[in-house]
Amino acid sequence: MLVHIGKIIHKKMIGRYAIPAFNTSNLEITEGVIRAAEAQKAPIILQTSVGALEYAGIEELVGLNKIAARNASVPIALHQDHCKDVELLKKLIGLGYSSVMIDVSGLPYEDNVKITREVVKYAHKAGVWVQAEIGRLLGNEDWQNVKSGEDLMTDPDEAAKFVAETGIDTLAVAVGTWHGIPVNPHTKKIMHTLKEHIDLPRLRAIATKVKIPLVVHGASGVPDVQLREAIKENVVVFNIDTDLRVAFNAALRKNIKNHPEIYDPRKLFAPATEALQKVAEEKLEILGTKGKA
Ligand SMILES: [Zn+2]
């Protein structure tokens, strides 16, 4: 069932379990994560990126997700991931999203506050939650410029001030995770030596000063034990995308290689969707979401 995010993110869950926000950009991913949620009797957040909306079309992708969520046997909330475009957020609110992320964290602090407040004012009138970010999450395009990861992490005092000044509902924190898989800009090789982690002391310092629910992005690749520790520090949502993509891609490549006779895309995608579902189910177990629908 399609629900408001406030139905699945609430005080009683804090410190006990968290909800994965799974990114989707097509039918197979939406079906895979919803099947996982139904199999584990777990609530989930279905989220879109700006790139996914550009890929599939706004109304096309939102329509698919909304109907799939409505028909599911478990609670599912729609959320928009990182977005700088205020008009796009307004459109998505009109289409039924109950939560949106305004991300202008690349701008100077004062501008970030000003634009975020404007979105909060609009969204709250419609009963919609707003997520924003303070500190910058490492992303693929940032690797060339990064000297010290510390510079990009969320400062606990600044986070508390930001929350008070903007009135946001959830806060995305930068605590040592990153988006995607780091690729060396010169050699184009995957940098396997870089291990993702969550800076737990920093997260704890943020949690003592910020009283709204916390969100950790880029949670793929973080050790399970650290995810569970982070839940104790008020993290209620983990954004998960890369692990799903990796599982999907591996199964798809294997199927294509082993079965050159298949030409029906549905049959090519089927094992990939299953592999993605399996990883999503594992995440629901790790985060303690299983059985919480
Ligand atoms: Zn993110």
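**Close-up views of the predicted barrel**

**View 1. E3 beside E4.** E3 and strand E4 (residues 99-102) are paired in the parallel sense, with 3 bridges between them. Across this pairing, Gln 80 faces Val 100 in E4. Helix H2 packs on the sheet and touches E1, E2 and E3. The direction of H2 makes about 170° with that of E2. The model shown in every view is predicted.

**View 2. The closed barrel.** The barrel is built from 8 strands, in the order E1-E2-E3-E4-E5-E6-E7-E8. Their pairing is parallel. From one strand to the next, the twist averages 25°.

**View 3. Strand E2 and its two neighbours.** E2 covers residues 44-48, and 5 of its 5 residues are buried. Ile 44, Leu 46 and Thr 48 lie on one side of the strand. Ile 45 and Gln 47 lie on the other. Both faces are covered. On one edge, E2 pairs with strand E1 (residues 19-23) in the parallel sense, over 3 bridges. Here Phe 22 stands opposite Leu 46. E2 is also joined to strand E3 (residues 76-83), by 5 bridges, and these two strands run parallel. Leu 46 appears again in this pairing, opposite Leu 78 in E3.

**View 4. From E1 to E2 by way of H2.** Three elements form one β-α-β unit: E1, helix H2 (residues 27-39) and E2. The unit is right-handed.

**View 5. Ile 5 against the strands.** Ile 5 sits in helix H1, which spans residues 5-8. Is Ile 5 buried or exposed? Ile 5 has 26 C-beta neighbours inside 10 Å, so the residue counts as buried; the cut-off for buried is 20 or more. Along the chain, Ile 5 and Ile 44 are 39 residues apart. Their C-alpha atoms are separated by 9.3 Å. Leaving aside residues up to four places away in sequence, Ile 5 touches Ile 45, Ala 77, His 79, Ser 98, Ser 99 and Trp 129. Of these contacts, Ile 45 belongs to the buried strand E2, and Trp 129 is a buried residue of E5.

**View 6. Helices H5 and H6.** Helix H5 (residues 86-94) packs with helix H6 (residues 109-125) at an angle of about 20°. Their axes are 11 Å apart. Because angles under 35 degrees count as roughly parallel, H5 is roughly parallel to H6. The crossing of the two helices is right-handed. H5 brings Val 86, Leu 89, Lys 90 and Ile 93 to the contact. H6 supplies Ile 115, Glu 118, Val 119, Tyr 122 and Ala 123.

**View 7. Strand E5 between E4 and E6.** In strand E5 (residues 129-134), 6 of the 6 residues are buried, so the strand is largely enclosed by the rest of the structure. Trp 129, Gln 131 and Glu 133 point one way. Val 130, Ala 132 and Ile 134 point the other way. E4 is joined to E5 by 4 bridges, and the two run parallel. Ser 99 stands opposite Trp 129 in this pairing. The chain gets from E4 to E5 through H6, in a right-handed β-α-β crossover. Beyond E5 comes strand E6 (residues 170-173), paired with E5 in the parallel sense over 4 bridges. Which residue of E6 is the bridge partner of Ile 134? That partner is Val 173.

Technical notes. Residues are numbered from 1 along each chain as its sequence is written. This is a predicted model: local features need pLDDT of at least 70, side-chain atom pairs count only at pLDDT 80 or more; totals for chains, interfaces and linings use all residues. A residue is buried if 20 or more other C-beta atoms lie within 10 Å of its own, exposed if 12 or fewer, and partly exposed in between; C-beta atoms are placed from the backbone. Two strands pair if DSSP finds at least two bridges between them. A crossover is right-handed if, with the strands pointing away from the viewer, the path from the first strand over the helix to the second runs clockwise. Axes are lines fitted to C-alpha atoms, for helices over the stretch in contact, and angles run from 0 to 180 degrees between N-to-C directions. Two residues are in contact if their C-beta atoms, placed from the backbone, lie within 7 Å. Angles under 35 degrees count as roughly parallel, over 145 as roughly antiparallel, 65 to 115 as roughly perpendicular and the rest as oblique. A crossing is left-handed if the near helix is turned anticlockwise from the far one by less than a right angle, and right-handed if clockwise.
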